[in-house]
Amino acid sequence: MSNKPKNDTFLRALLRQPTEYTPVWMMRQAGRYLPEYNQTRGRAGDFLSLCKNPNLATEVTMQPLARFPLDAAILFSDILTIPDAMGLGLYFSTGEGPKFERPLRDEWEIRDLAVPDPNVHLRYVMDAVSQIRKTLNNEVPLIGFAGSPFTLACYMVEGGSSSDFALVKTMLYQRPELLHHILDINARAVTSYLNAQIEAGAQAVMIFDSWGGALSHAAYHEFSLPYMEQIVSGLIREHNGATIPNIIFTKGGGLWLESIAATGCNAVGLDWAIDIGQARARIGDKVALQGNLDPNVLFSNPDAIRAEVGKVLASYGKGSGHVFNLGHGISQFTKPENAGAMVEAVHELSKPYHA
Ligand code: CP3
């Protein structure tokens with residue numbers, strides 16, 4: 001599995017090497033906006049069974065690539081596989097998002113947490129990674145991923161999605177040492193999980209810090225960022241002769257770009273709130289940038305989408321170091337042809353910026 005992808009534009013952009021155009025992929029590119037995804041999920045029974053079945057996970061990973069000329073594939077899985085492997089009992093009740101049967105409520109449960117062995121307890125993920133690599137046949141690179149320690153802790157403590165993070169923030173202010181204990185376990189779990197994905201064939205890895213932006217400046221720098229830095233410093237950087245770039249994405253992290261870039265990551269993911277040209281002026285000499293079209297632009301029409309894509313490309317400006325993406329996951333209510341219009345616009349309109 002040492003072969004370089006035929007299209008390695010995405011990997012070169014992450015390493016800020018020259019490219020012919022700006023590469024593009026979409027967060028949640030395999031998902032409910034695609035009728036063929038819904039069909040495969042129906043065959044699996046539910047979302048989690050789909051994640052746990054390497055054949056079907058491979059099938060849905062490939063679906064968006066069959067429709068659009070995307071420059072990367074992303075492993076079909078979820079960030080909550082780690083707490084599930086820790087024994088919290090993940091399930092998805094329809095329409096309500098993720099839930100845990102045994103959220104962390106008592107101190108003894110927290111003290112009992114252990115780092116799962118990814119090649120045992122998350123074997124199904126590693127099997128999916130190697131099967132996807134075989135199926136991709138080195139056409140485009142495969143991205144592996146995990147949640148950030150803090151984002152995982154939000155779900156582990158709250159027991160599911162939350163609008164105010166009342167429980168995890170109560171712990172943060174009242175029992176900070178308990179939260180630090182969870183975060184340390186999570187950071188070690190994520191590091192070994194991502195390294196196992198790299199060994200199984202992932203060619204780049206991304207950390208999703210979806211809820212870091214809910215923290216105060218001080219709390220972000222104490223409870224989210226240092227644990228991502230710990231992960232970045234423990235990641236495998238070279239595998240079978242290839243550099244394995246990593247991406248940190250804190251949704252709502254626009255205020256803290258300099259700190260994120262200082263972790264030693266290769267690229268920083270941006271949500272749609274920040275101007276990508278300003279982000280480049282702040283940290284573009286250290287890292288590549290990934291983003292940052294508002295996913296709701298895809299509710300409009302191909303002409304409007306093209307215009308908005310043009311604005312993001314123009315704001316970033318000339319040269320490499322930009323991976324085009326949405327500023328967050330694609331909505332399940334997006335028309336697939338509008339996603340296609342975005343990909344086409346990125347490829348076409350970006351060429352002059354690389355001339
Ligand atoms: O990008 C991709 O295509 C790869 C697959 C992927 C999924 N989840 C599939 C998924 C990735 C990278 C994730 C990450 C993830 N999961 C995050 C971080 C990114 C973000 O969105 O901020 C988070 C917070 C989760 C936890 C999670 N999983 C939630 C909150 C939900 C419900 C979301 C919703 O819109 O209802 C999920 C379920 C989920 N994960 C789906 C998919 C395709 C939809 C499940 C379904 O098919 O019913």
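How do the residues of the lining of the second largest pocket divide into nonpolar, polar and charged? In this predicted model, that lining comprises eight nonpolar, nine polar and four charged residues. The lining is formed by 21 residues, and those nearest the centre of the second largest pocket are Lys4, Pro5, Leu11, Ala242 and Thr243. Two elements, α1 (9-14) and β7 (242-243), each give two or more residues to this lining. The volume of the second largest pocket is about 320 Å³.

For the largest pocket, the volume is about 1300 Å³. A total of 37 residues line the largest pocket, and Arg28, Arg32, Phe47, Asp78 and Phe92 are the ones that lie nearest its centre. Helix α2 (35-44) and the strands β2 (90-93) and β3 (97-100) are the elements that give two or more residues to the lining of this pocket. By class, the lining of the largest pocket divides into 17 nonpolar, 14 polar and six charged residues.

The ligand occupies the largest pocket. Around the ligand there are 22 residues, of which Arg28, Arg32, Tyr37, Arg41 and Ser210 come nearest. This shell holds 14 nonpolar residues, together with four polar and four charged ones. Arg28 and Arg32 thus appear both among the residues that come nearest to the ligand and among those that lie nearest the centre of the largest pocket.

Polar contacts with the ligand involve both side-chain and backbone atoms of the protein. On the side-chain side, an N or O atom of Asp78 is found 2.7 Å from a nitrogen atom of the ligand. Asp78 is also one of the residues nearest the centre of the largest pocket. The side chain of His328 likewise places an N or O atom 2.7 Å from the ligand, in this case from an oxygen atom. From the backbone, an N or O atom of Gln29 lies 3.1 Å from a ligand oxygen atom. The protein buries 87% of the 880 Å² that the ligand exposes when taken alone.

Backbone geometry was examined at Arg28 and at the Gly291 to Asn292 peptide bond. Arg28 is located in the loop between α1 and α2, and its phi is near 60°, a positive value in a residue other than glycine. This residue with positive phi is one of those that come nearest to the ligand. Gly291 and Asn292 are joined by a cis peptide bond, with omega of about -10°. Asn292 has its place in strand β10, which spans residues 288-293.

A further set of polar contacts is centred on Ser162, in the loop between α9 (149-158) and α10 (166-174). The side chain of Ser162 reaches two backbone nitrogen atoms, that of Phe165 at 2.8 Å and that of Asp164 at 3.3 Å.

Notes:
Residues numbered from 1 in each chain as written. Predicted model: local features only at pLDDT ≥ 70, side-chain atom pairs only at ≥ 80, totals over all residues. Heavy atoms only, no water. Near = heavy atom within 4 Å. Polar contact = N/O pair within 3.5 Å; in protein donor to acceptor, adjacent residues only side chain to side chain. Areas by Shrake-Rupley, 256 points an atom, 1.4 Å probe, with all protein chains shown as cover. 1 Å grid on protein atoms, 1.4 Å probe; cavity = no way out; pocket = protein on both sides within 12 Å on 5 of 7 lines; lining within 4 Å. Sits in = over half its atoms within 2 Å of the grid points. Nonpolar A, V, L, I, M, F, W, Y, C, P; charged D, E, K, R; others polar. Points joined across faces, edges and corners; volume = space filled by probe spheres on them. Helix = DSSP H or I, 4+ residues; strand = E, 2+ residues; numbered from the N terminus.
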